[in-house]
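I opened my notebook to record, entry by entry, what I looked up in this structure. I wanted to keep each reading beside the place it came from.

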Amino acid sequence: GYWKALVDLIDGVLFQPASFDLDDVLAAAEAGIPILDRFLGEFLDGILARGEPRAFGLSIASSSQIVPSLVLARMIRERTGAPILAGGPWCTAAQGILPGLGSLARYMDAVVVHEGEIALADALGRLRRGTPVRDSRMVLVPGVRAAEAQPPLALDEMAMPAYDGLPMDLYHTRGVSVRLTRGCHWGRCGFCHHVYPGYTARYATMGPIMPARHLDMALDQVGHAVERHGCRHFYVSDNGPPAATMKQFADGLLSRRLDVTWQSLARFEDGLDEVVPVLAASGLKALFFGLETCRTSELDGFAKGIDLGVADRCLRSCRDAGIANLVFVMNYPFLPRESFASTLAWLADRTGTIDQAIAFRFGLSRYASAFDRAREMGLRVVVDPDRYLEPYYVPYEVDRGATVEEFIEDMDRFEASLPCGPAAMDGPGRAGTRPPLPPARGRFRPPASLPPDQIPSTSRR
């Protein structure tokens, strides 16, 4: 819609630095963002008029938020001496380089990585006692040291998210996330950048069955969001929960007579097709599957654990139940061009069972195991990765294998052959500020049950 396009435009034109090199990011933070300066100034002055807080917290979810976050931090520093704590997914993704970047200490005193409940409680205790937050070994201090890992709390010991105070009526899509499991129950893929190194072993929920107390808490959260905020659509925020977990959730929704819709990532898992009818009855509208490649030898090499026969059964069951399915595939520069061509051919043969295919060029993440094997894979990093503040997509060039131009050419040909033709591409971008490798998407047929505003927005840049 209009507002989403406007936000994308503002983000791409105003909020992004010339590049994600440290110097360019800091220059952008110091220069400020005119559209935000007045808003942030009035916001901060309103807070300080009620009394100076003991601390400020910054939640940085993605790389696109780093410049606005640093602008806000600079404005806080100009007004008060209260310490600033940062946290969120970007902080966790960048934790490998933050201890070496002392220049960021101007913007944040301490950083909480991974799940922050224990570290945050320790930090708040220090604030109450009047001792420096940065003295805690549980937090990362930019330019000084990494954080010491803490044992995780059980999911049923953690409070559910609270959305009170959010103006839900202003959101284009009124929906909130709900978490059934933690991490990835598979956690073995050799290239994955969705699960941080060491996270699965320490945090992941490895069993397929949720504890009854956590299930009740998740269902309570859904019921509260419906009653309090009028939310009817929910995003399961897990990295592909097991089929048994999703069935537990679906059975709970049905038993409580919660009239909602929901969507989730999923694996092509043996037995998923058998529970799809129950999932559909509970309101499931879309499943997002990661296939990556259709070559069995490559799936085995990546430790994906996918059987293509199982994948076909899952796709057919979704079609029969009226659940939209979206299949992610990957173009790997270290594999021959024919590999990607065979995957596209596999997708094209399934236009009757796949709603949408989303193809990405491989992104090299600073924290993923693949980063340490970049040379082995024929990838040459073209920036200083220890000063590059886009940890999800580190720019590289290809010494051998398929090129970006070949990927675009193959995708153009593939999309033109689809029954619905090429899908619309949206989203602005600037060279050097976005993933250097363009994603693209192809619509096979209109999704059977997923409203247009709930189809994922992927951009070809």
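The entries below go through a few helices, one buried side chain and some loop residues of what is a predicted model.

**Entry on helix α9**

I began with helix α9, residues 243-255, and asked whether its length fits its residue count or departs from it. At 1.5 Å a residue its 13 residues should span 18 Å, and I found the end C-alpha atoms 18 Å apart, so the two values agree. I then listed the buried residues of α9, which are A243, T245, M246, Q248, F249, A250, G252 and L253. Looking for what covers these buried residues, I noted that the cover includes the strands β4 (175-178), β5 (233-236), β6 (261-266) and β7 (284-292), together with the helices α8 (212-229) and α10 (272-281). Just after α9 I came to R257, which takes a positive phi of about 55°.

**Entry on α10 and α12**

Since α10 had come up as part of that cover, I went on to see how it packs with helix α12, residues 308-321. The angle between the two is about 20° and their axes are 9 Å apart. Angles under 35 degrees count as roughly parallel, and α10 and α12 are therefore roughly parallel to each other. I also wrote down that their crossing is right-handed. Which residues meet there? From α10 I noted L272, D273, V276 and A280, and from α12 R313, C314, S317, C318 and A321. Sorted by class, this contact of α10 with α12 has 6 nonpolar, 1 polar and 2 charged residues.

**Entry on L44**

Next I looked up L44, which I found in helix α3, residues 34-49. Is L44 buried or exposed? Its relative accessible area is 2%, and buried means under 20%, so L44 is buried. Leaving out residues up to four places away in sequence, I found that L44 touches F56, L72, M75, I76 and R79. Of these I followed M75, which lies 31 residues from L44 along the chain, while the C-alpha atoms of the two are separated by 8.1 Å.

**Entry on two loop residues**

Finally I turned to residues in loops with a positive phi. H114, in the loop between β3 (110-111) and α6 (117-129), has a phi near 55°, a positive value in a residue other than glycine. A303, in the loop between α11 (296-301) and α12, has a positive phi of about 60° although it is not a glycine. I checked the accessibility of each, and H114 counts as partly exposed at 24% relative accessibility, while A303 counts as partly exposed at 28%.

Notes: Residues are numbered from 1 along each chain as its sequence is written. This is a predicted model: local features need pLDDT of at least 70, side-chain atom pairs count only at pLDDT 80 or more; totals for chains, interfaces and linings use all residues. Side-chain values use heavy atoms; hydrogens and water are left out. Helices (H or I, at least four residues) and strands (E, at least two) are DSSP runs, numbered from the N terminus. The expected span of a helix is 1.5 Å times one less than its number of residues. Buried means under 20% relative accessible area, exposed over 50%, partly exposed in between (1.4 Å probe, protein chains only). Contact means heavy atoms within 4.5 Å. Axes are lines fitted to C-alpha atoms, for helices over the stretch in contact, and angles run from 0 to 180 degrees between N-to-C directions. Angles under 35 degrees count as roughly parallel, over 145 as roughly antiparallel, 65 to 115 as roughly perpendicular and the rest as oblique. A crossing is left-handed if the near helix is turned anticlockwise from the far one by less than a right angle, and right-handed if clockwise. Ala, Val, Leu, Ile, Met, Phe, Trp, Tyr, Cys and Pro count as nonpolar, Asp, Glu, Lys and Arg as charged, and the others, Gly among them, as polar.
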